[in-house]
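Trainee: Before I use terms such as salt bridge or polar contact, I would like to learn how each one is justified. Could we go through them with a structure in view?

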Amino acid sequence: MMLPTELLHSDHATDLLPGGQIGGPRATMQLGLGGKTALVTGGSKGIGLETARLLAAEGADVLIAARRAAGLAEAAAEIEAGTACKVHTVALDVASVEDVAALPSAVAATIGHVDLLVNNAGTGTYKPFLEVSEAELQYGMAVNFFAQFRICQRIIPMMIARGGGRIVNVSGETAIRVMQPPFLSSCTGPAKAAENRLTSILAHEFATHGIRVNAVVPGFVHTPERFAKWQSELSQRPLSNEDAHQERERWSATHGMRTTRWGTPREIANLIVFALSDAASFVNGAVLIADNGLHQA
Ligand SMILES: NC(=O)c1ccc[n+]([C@@H]2O[C@H](COP(=O)([O-])OP(=O)(O)OC[C@H]3O[C@@H](n4cnc5c(N)ncnc54)[C@H](OP(=O)(O)O)[C@@H]3O)[C@@H](O)[C@H]2O)c1
């Protein structure tokens, strides 16, 4: 008689079901995202856009949220052209209590409910601790941690009512390591660290409702809008493409990275979508890092 592991490596690969029984024949990783509904905040650019694109390609019904309606419309049209899926949009500021309170109505009017939530919208402010203003401190918490907290409070009841759901909170490297200048992160790091802690608490609190909650930590990722912000705030001078490339490599090298390549939005979106999928069914409360080894440097 073949042992389960031999079966897995045979031409008739099978699944091991809970308890070790053998399931039906399957050759590929099954993501199980077709027909799910997904809300992606910050879904009009960068990591959020790539995540929305992948989810749509997997057959999910996607709602993307961001502040600027024009960016949302452009992103939706781009995804629809590539996937032949309808993509819904909602213009909102995740840092606004009122906008987040209105989110369930926007969900009801578009995708109906939320099976998959990606709390991706957020940003960073990098400057010496003694120069962080009260407004920057307040906004750093509001757009990062408070937004994820409040959106989870609005969406988790929908998931409980339907018997489960999956959440990914996108945090950042400043949550898990002290960064070198110019990324002095006393303003952003604590907010991102709070997102990771919230993630593990929610994973524990809602596990019995079939809700999985994981955090994804991107390292240096080249998203054009964010780099433009860093260029004006940190480099404080216009950079040619070649200079910008060298600046990014220099920032990685400053952090002790042996390979200085920056990630692509797709490389982060791949991990987010995996964490949302059936393939990650035993991954809960985890802080999943995609940073090319930055946190070990
Ligand atoms: N790129 C990196 O190297 C990196 C590293 C670590 C962590 N992260 C984290 O990854 C996430 C995505 O970053 P990204 O680089 O992909 O950003 P990005 O390219 O700058 O895109 C940000 C997206 O979020 C939206 N957004 C920004 N502020 C918002 C607000 N207050 N309310 C609603 N939507 C808002 C933007 O659209 P609107 O401007 O129209 O609102 C846009 O769709 C963020 O949480 C970021 O902190 C990124």
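Mentor: What follows is a set of questions about a predicted model, each answered by setting a value against a definition.

Trainee: What makes the pair Ser44 and the ligand a polar contact?

Mentor: A polar contact needs N or O atoms within 3.5 Å, and a polar side-chain atom of Ser44 lies 2.7 Å from an oxygen atom of the ligand, so this pair qualifies. By the cut-off of 3.5 Å, the side chain of Arg68 also qualifies, with a polar atom 2.8 Å from a ligand oxygen, and so does Val221, whose polar backbone atom is 2.9 Å from an oxygen atom of the ligand.

Trainee: How much of the ligand does the protein bury?

Mentor: Taken alone, the ligand exposes 890 Å², and the protein buries 95% of that. The ligand sits in the largest pocket, where 30 residues surround it, the closest being Ser44, Arg67, Asp93, Asn120 and Thr223.

Trainee: Which elements give two or more residues to that shell, and which gives the most?

Mentor: Two or more residues come from each of α2 (46–57), α6 (134–162) and α8 (224–235), and α8 gives the most, with three. Sorted by class, the shell around the ligand holds twelve nonpolar, eleven polar and seven charged residues.

Trainee: Why is the pair Arg68 and Glu225 called a salt bridge?

Mentor: The definition asks for a side-chain nitrogen of Lys or Arg within 4 Å of a carboxyl oxygen of Asp or Glu; the side chains of Arg68 and Glu225 meet at 3.0 Å, N to O, and therefore the pair meets the definition. The two residues are 157 residues apart, with Arg68 in the loop between β4 (61–66) and α3 (69–83) and Glu225 in helix α8. A search of the whole structure finds 14 salt bridges.

Trainee: What makes the backbone at Pro182 and at Ala84 worth pointing out?

Mentor: Most residues other than glycine have a negative phi, and most peptide bonds are trans. The bond from Pro181 to Pro182, however, is cis, with omega near 10 degrees, and Pro182 lies in the loop between β7 (165–170) and α7 (189–205). Ala84, which is not glycine, has a positive phi near 60 degrees, and its place is in the loop between α3 and β5 (87–91).

Terms used:
Residues numbered from 1 in each chain as written. Predicted model: local features only at pLDDT ≥ 70, side-chain atom pairs only at ≥ 80, totals over all residues. Heavy atoms only, no water. Near = heavy atom within 4 Å. Polar contact = N/O pair within 3.5 Å; in protein donor to acceptor, adjacent residues only side chain to side chain. Areas by Shrake-Rupley, 256 points an atom, 1.4 Å probe, with all protein chains shown as cover. 1 Å grid on protein atoms, 1.4 Å probe; cavity = no way out; pocket = protein on both sides within 12 Å on 5 of 7 lines; lining within 4 Å. Sits in = over half its atoms within 2 Å of the grid points. Helix = DSSP H or I, 4+ residues; strand = E, 2+ residues; numbered from the N terminus. Nonpolar A, V, L, I, M, F, W, Y, C, P; charged D, E, K, R; others polar.
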